[in-house]
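User: Please take a close look at one part of this structure, the place where protein and DNA meet. I should like a connected explanation suited to a first-year student.

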Number of protein chains: 2
Amino acid sequence: MKKLSDKQQRMVRYVDRFLSEKGFPPSIRDIQRGCSISSTSVVDYNLNVLESRGIISRHADISRGIRLLNKSSESRDVLTVPVIGMIAAGEPIPVPTPDTWDVAAVSDTIGVPSELIGGKRNIYALRVKGASMVDALINDGDIVLMQHVNAVENGQMAAVWLKSEKEVTLKKVYVEPDKIRLQPANSQMQPFYTESDNIEIQGRVIAVVRQVN
Amino acid sequence: MKKLSDKQQRMVRYVDRFLSEKGFPPSIRDIQRGCSISSTSVVDYNLNVLESRGIISRHADISRGIRLLNKSSESRDVLTVPVIGMIAAGEPIPVPTPDTWDVAAVSDTIGVPSELIGGKRNIYALRVKGASMVDALINDGDIVLMQHVNAVENGQMAAVWLKSEKEVTLKKVYVEPDKIRLQPANSQMQPFYTESDNIEIQGRVIAVVRQVN
DNA sequence: ATATAGTTAGAACAGGTGTTCTCCATTCTC
DNA sequence: GAGAATGGAGAACACCTGTTCTAACTATAT
């Protein structure tokens, strides 16, 4: 990939700054003035070069129809997800209540890029306590992003409450004839089988975030 | 505060959707068509109402000069981190170059809440390929946030290149008399010892992000 | 009913803005 | 040096688009 000319780099920076300061893209004549370019056709020419390199996208005949690509362009905002409690092997996980969504009632929150959540609803977070989830490749202190659901599709990772064992575990859930197969995320580990009426789906695992040290 | 009319609510939703889908604001005639409004002057009229209520801001005589206000307060900062390659057991990890930070050169990026990074510099991301890192509780497909450094403090998790084994591994690094101890994150696993001149620190692990399913 | 504020319709105007055309300058290749 | 490739200048055109004007239509209160 050939390097961008000095002028083209200035233009990209200008568009970026303009966009974040004003909230809408610059017109060609804005770029012309902002980058001290003598003619609109020069701007047009270089914008076409930038588009052919996939750095921006343009929309013909649309004012300010410039868009910076490569910028995780879609909803690059952070959602604030409440960390409503701990998850450990020996106890059921906390369940979100209407109260939980009150800003005041939650002591801890975590910022999450909205792309990780992808529009899902009923999202909350739990902090993992203890090393009982290592077979799900989840460590002590990790944050698990959960979606509050009562059932999951085959193969989805879920927080499962084992009634007779009085234990919660994070496993991929497969419904098989007459029984349930709980498969650890670590494929080197053995699956676990149990009766369908021994389990209770407490939530679906959306993502795991671990901050090291 | 008086309630917004049905039409005004539709307009706000339309602007929001348009903005996140296209990356630039709609024109008045876009809104007119999108909300099935009969006249541009009606759009103009209601936009003025919305502006006087502080819901949007407009810029006179500027095409598509509409901006949604309440969004800025919610979107805390996300850093866009380049995903510059893969990390696998058998090969050295890609190292960031000045080129890598070029907007054009990076194909993939990930949004990360700035709190995860905490002001650190030289951050990049790698996608994990293969299951060779399970003893670091890292799965195939996980994203590893790295900091480009040449040395780490005792006990910090690092990407270590083992020269004689020709292998990269993610371990906690401890300097001991005459040798180096590489400790897996999974405390149930055994540490690995090697000579100090057999290793090369390629970067420090900042965080791990796993998106499930 | 009358008045008033709020809202809508339709059209036209004027400036903003993307586009394009022609000519020119520089650099590189052969 | 001829020619191609790249980049630039200036102007003009045509459409996009914000704005404005007039007239009419609701709704509510007087």
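Analyst:
**The surface near DNA strand C**

Of the 24 residues around DNA strand C, those that come nearest are I28(A), R64(A), K7(B), S38(B) and Y45(B); a residue is near a strand if one of its heavy atoms lies within 4 Å of it. Among the atoms of DNA strand C that come within 4 Å of the protein, 61% belong to sugar and phosphate. This is a predicted model, in which local features need pLDDT of at least 70 and side-chain atom pairs count only at pLDDT 80 or more, while totals for chains, interfaces and linings use all residues. Residues are numbered from 1 along each chain as its sequence is written, chains are lettered from A and ligands numbered from 1 in the order in which they are written, and side-chain values use heavy atoms, without hydrogens and water.

The residues of this surface comprise six nonpolar, 10 polar and eight charged; Ala, Val, Leu, Ile, Met, Phe, Trp, Tyr, Cys and Pro count as nonpolar, Asp, Glu, Lys and Arg as charged, and the others, Gly among them, as polar. Helix 3 of chain B gives the most to it, with five residues; helices here are DSSP runs (H or I, at least four residues), numbered from the N terminus.

Individual atoms can also be followed. A polar side-chain atom of K7(B) lies 2.7 Å from a phosphate oxygen of DNA strand C. Base oxygens of the strand lie 3.2 Å from a side-chain N or O atom of T40(A) and 3.0 Å from one of S41(B).

Technical notes:
Polar contact = N/O pair within 3.5 Å; in protein donor to acceptor, adjacent residues only side chain to side chain. Helix = DSSP H or I, 4+ residues; strand = E, 2+ residues; numbered from the N terminus.
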